[in-house]
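Good morning, and thank you for coming. I would ask you to look at the sequence and the structure together before I begin.

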Amino acid sequence: MDALLAFEDALGVEGYGKLLRAQGTLGILLGILQYSSLKMQNEMSQLLKSKPELVKILTERTVEKGNTIGTLNCSLRRVGNDNYSCLQIIERLIGVEGYLAMFSNCNVSTITILRIMACSSLSDSLVDLIYENMDIWDASRSYISENSYRLMKEFNYDLRFARNKNRRKFFALIMDLISVEEWFGWMRQGATLEEAVFIMRNLPLCFARQIADLWLQDYEEAFEDFSSVEKLRNKKGAVNSQALYYGITCIKKYNEKLCDLICKDYNTSLANVEC
């Protein structure tokens, strides 16, 4: 942190502004803010408020280059957790029209749209935007790779963020535009077993219950799919045992048989998981 503060003091908010104007994109701006100190986040948001044309330049450059915005949600979530007012200032400058341009020109997948909507301070407006532009939603489905083993990586954090912000319109859109079969198919393509448990924990109960029924019907094959995703990633992530305990407990409330199978095959049980 000492090194970061020294660097920020040396470069200054105006220095950041010059670099962004010269070569920045919206992803770079939010990436910088994601790892900046709270002081710099506040200074940067005030700079952008005084020079709103800078955000317009960054958005237009992102669209013109067709830059990927597939990880934008991570920065939105991080800044939103640390400094929600800063996120609101920046997103008001981007506006729904800026997001519309990016959704239309940056080859975004349905998952990308969902993750951004989950983490954006403009979430409700973006939901309305999708309903008004269903052609964008339909086109985004063609950008989901059938072999994407990172498809749902950390999506559970986005869902939890949306739950904490009580984004009812976002979850209503999920249940309206995505079938249970499609959602479970995405999970099998790109989630580990732990991620699947955490995703189920953060989805609306009625939706999670239906997915659990599907999971139970095709349990062995689904378990193999989750294991294959973990092998393809070639790295097992650290799992918070307490969070896993609560995730499994949530499944137990509406599908005890599935819960028992998960415990058995994952070599864990509610009795020996630390809580």
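Which element gives the largest share of the lining of the largest cavity? That share, three residues, comes from H1. Please keep in mind that we are looking at a predicted model.

Let me stay with this cavity for a moment. The count of cavities of 30 Å³ or more comes to one, and the largest cavity has a volume of about 30 Å³. Its lining consists of Leu5, Glu8, Asp9, Ser37, Lys39 and Met40. Two elements each give two or more residues to that lining, namely helix H1 (2–23) and helix H3 (38–50).

I turn next to a pocket. The second largest pocket holds about 440 Å³ of space. It has a lining of 21 residues, and those nearest its centre are Gly70, Thr71, Thr112, Arg115 and Arg150. Helix H5 (72–82) and helix H7 (110–119) are the elements that give two or more residues to this lining. Of the elements, H7 gives the most, with three residues.

Arg150, which we have just met in the pocket lining, is also one of the residues touched by Arg233. Is Arg233 buried or exposed? Its relative accessibility is 11%, and the limit for a buried residue is 20%, so Arg233 counts as buried. Arg233 lies in helix H15. Leaving aside residues up to four places away in sequence, Arg233 touches Tyr149, Arg150, Met152, Lys153, Gly190, Ala191, Thr192 and Glu195.

Now to the nonpolar core. In soluble globular proteins, nonpolar side chains tend to be buried together. In this model, the largest nonpolar core has 87 residues. Which residues have the most contacts inside it? They are Leu114, Trp183 and Trp215. Helix H6 (residues 84–105) supplies the largest share of this core, eight residues.

Let us take Trp215 as an example. Not counting residues up to four places away in sequence, Trp215 touches Phe184, Leu193, Ala196, Val197, Met200, Ala222, Phe226, Leu258 and Ile262. Two of these names, Phe184 and Phe226, will return shortly.

My last topic is the aromatic rings. How many aromatic pairs does a search of the whole structure find? It finds eleven. One of them joins Phe184 and Trp215: the ring centres are 6.2 Å apart and the planes stand at 35 degrees, so the pair is tilted. Phe184 belongs to helix H12 (residues 180–190) and Trp215 to helix H14 (residues 205–217), so this pair ties together parts that are 31 residues apart in sequence. Both Phe184 and Trp215 are buried.

Phe184 also pairs with Phe226. Here the ring centres are 6.5 Å apart and the planes are at 75 degrees, so the pair is edge-to-face. This pair, too, links distant parts of the chain, for Phe184 in helix H12 and Phe226 in helix H15 (residues 219–233) are 42 residues apart. Phe226 is buried, as is Phe184.

There is also an aromatic cluster, formed by Phe155, Trp183, Trp186 and Phe207. Trp183 should be familiar, since it was named among the residues with the most contacts inside the largest nonpolar core.

Finally, one ring has a charge above it. The charged end of Lys165 sits over the ring of Tyr84, at 3.8 Å from the centre of that ring. Thank you for your attention.

Notes
Residues numbered from 1 in each chain as written. Predicted model: local features only at pLDDT ≥ 70, side-chain atom pairs only at ≥ 80, totals over all residues. Heavy atoms only, no water. Core = buried A, V, L, I, M, F, W, Y, C linked by side-chain atoms within 4.5 Å. Buried < 20%, exposed > 50% of the residue type's maximum accessible area, 1.4 Å probe, protein only. Helix = DSSP H or I, 4+ residues; strand = E, 2+ residues; numbered from the N terminus. Contact = heavy atoms within 4.5 Å. Phe/Tyr/Trp six-rings, centres within 6.5 Å; stacked < 30°, edge-to-face > 60°. Lys NZ or Arg CZ within 6 Å of the ring centre and 35° of its normal. 1 Å grid on protein atoms, 1.4 Å probe; cavity = no way out; pocket = protein on both sides within 12 Å on 5 of 7 lines; lining within 4 Å. Points joined across faces, edges and corners; volume = space filled by probe spheres on them.
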